[in-house]
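Me: I have not looked at this structure before. Please take my questions one at a time and keep the answers plain.

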Amino acid sequence: MQGANAAAAVSQAEELELLKRKREKRKARRANEKEQKNGLTSMIDIVFLLIFFFMVVTDLQKMEIEEIDLPFAVEATPETDTPPKRVIVNVKPHGEVGIMGWTFDSEGLFEFLRRAAADGPHDETTGLPELAVKIRADKVVEYEKVQDVMVQCMRSRLWKVSFGTQPELDEKGLMLSPEFE
Amino acid sequence: MIDVTFLLLIFFMCSMNFKSIEQALGAELPKDSGQMVGPPPPPVIPIRVKIHWANARGQVIHSPQAAYPDGFEGARPHVGLAGAHVAVKVGPLRVRNLNELARALADLASRQNDISVVIDARRAVPFKWVIGALDACARAQVTDVKFQSPPAPGGGGDDWWWL
């Protein structure tokens, strides 16, 4: 009897041991799950951060480069080395002149360009400002408006002027502009 | 949720890349070069590229909407607006389009060593014609290109050279 009792006691003890182990395993699993959840939250945080960053960057780019239907040119070259600091002047189809999302009249444009030219570097020998200007004018805008932008550039002694264009041929190699016919 | 965020992320990344590569046509304005040393170089008579609106009879008009600009005064003969189109001239020679302009300029450049071109576009001409003319100069390998300045405020100048 005693032996049997002892055996039963042993089996009980074993059972208890087994239960303990199971509990421990469960605990460990729970802890593991918690860790996984923690990792997921930080990842979502990072992803949202990235999304926010891209949204802001795209907005900023839009501010500088407004949507304009540029004129065609055959000889234009893709811009590879753009100067680090330059002013992009957008001339919209109805003649509004904009820089970085602000709209200027011709005196305001002159004032802006004059200050930008004075703040930027100057050539040592000639003393002329080094600041580059890119005029992005819509192809249907009246020339008068673009001429005025050029005149304001001249008045503020800015001479590095370029015009924004788009390739003359589309992806299929078809001529896009009727004035070249 | 993660799916959605990744979708958004990929969408924004793609939309950034879709922006087509823009091109540029350099046009350096004349520098104020200061005092000249030595004998002056022989003057080069510039070739004028005139761009203006014209009617079906070839008469010069201000724009398809008006024969004369706002506030234009003076007795002028009646000019019709029918068949308004943009006309391009190289000196006295009329060219039909920008390819012909490029050919005419290349022809002139081959006969003379260094030619100078002045692009004289009227106020109401669409900007694409001016860029087209500048492009034609580049195609004809003419490097000395200038733009006619607008007439002085208060009228005068050569704003109405065709009349």
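Me: How many residues does the largest nonpolar core have?
Reply: This is a predicted model. The residues with the most contacts inside the largest nonpolar core include I135(A), I51(B), L101(B) and F127(B). The number of residues in this core is 59.

Me: Which helix gives the most to this core?
Reply: The residues with the most contacts inside the core include V117(B) and I119(B). Among helices and strands, the top contribution is 8 residues. It comes from helix 3 (residues 127–139) of chain B.

Me: How many residues are in the other core, which lies apart from it?
Reply: Nonpolar side chains tend to be buried together in soluble globular proteins. Among the members of the other core are V47(A), I51(A) and F54(A), along with F12(B). The core has 5 residues.

Me: Which residues is L101(B) in contact with, leaving aside its neighbours within four places in sequence?
Reply: L101(B) is one of the residues with the most contacts inside the largest core. With its sequence neighbours left aside, its contacts are V49(B), V88(B), V90(B), V95(B), A133(B) and A136(B).

Me: What order do the elements of chain A run in from the N terminus?
Reply: Chain A has 3 helices and 7 strands. Starting at the N terminus, their order is α-β-β-β-β-β-α-β-α-β.

Me: Where in chain A is confidence lowest, and where is it highest?
Reply: The average pLDDT of chain A is 81, and 81% of its residues score at least 70. The low end is helix 1 (residues 2–64) of chain A, with a mean of 77. The high end, at 92, is helix 2 (residues 106–119) of chain A.

Me: How many of the residues of strand 3 of chain A are buried?
Reply: On one side of this strand, R86(A), I88(A) and N90(A) are buried. On the other side, V87(A), V89(A) and V91(A) are buried. For strand 3 (residues 86–91) of chain A the count is 6 of 6.

Me: In which sense do strand 3 of chain A and strand 6 of chain A pair, parallel or antiparallel?
Reply: R86(A) in strand 3 stands opposite A132(A) in strand 6 of chain A. The two strands are joined over 6 bridges, and their sense is parallel.

Me: Which residue in the turn between strand 3 and strand 4 of chain A has a positive phi?
Reply: Strand 3 and strand 4 (residues 97–99) of chain A run antiparallel, joined by 2 bridges. One pair of bridge partners is V91(A) and V97(A). The two strands form a hairpin with 5 residues between them, and the turn residue with a phi of about 95 degrees is G95(A).

Me: Why does Q152(A) count as buried?
Reply: Q152(A) lies in helix 3 (residues 143–155) of chain A. Beyond its neighbours within four places in sequence, Q152(A) is in contact with S106(A), L109(A), F110(A) and L113(A). Buried means under 20% relative accessible area. Q152(A) counts as buried because its relative accessibility is 3%.

Me: Which side chain does the side chain of Q152(A) make a polar contact with?
Reply: Q152(A) is buried. The polar contact of its side chain spans 2.9 Å, and the partner is the side chain of R155(A).

Me: How many disulfides does the structure hold over all chains?
Reply: C153(A) is buried, at 0% relative accessibility. C137(B) is buried too, at 1%. Over all chains, the number of disulfides is 0.

Conventions: Residues are numbered from 1 along each chain as its sequence is written. Chains are lettered from A and ligands numbered from 1 in the order in which they are written. This is a predicted model: local features need pLDDT of at least 70, side-chain atom pairs count only at pLDDT 80 or more; totals for chains, interfaces and linings use all residues. Side-chain values use heavy atoms; hydrogens and water are left out. pLDDT is the predictor's confidence in each residue, from 0 to 100. Helices (H or I, at least four residues) and strands (E, at least two) are DSSP runs, numbered from the N terminus. A disulfide is a pair of cysteine sulfur atoms within 2.5 Å. Buried means under 20% relative accessible area, exposed over 50%, partly exposed in between (1.4 Å probe, protein chains only). Two strands pair if DSSP finds at least two bridges between them. A nonpolar core is a set of buried Ala, Val, Leu, Ile, Met, Phe, Trp, Tyr and Cys residues joined through side-chain atoms within 4.5 Å. Contact means heavy atoms within 4.5 Å. A polar contact is a pair of N or O atoms within 3.5 Å; within protein, one must be able to donate a hydrogen and the other to accept it, and residues adjacent in sequence count only if both atoms are side-chain atoms.
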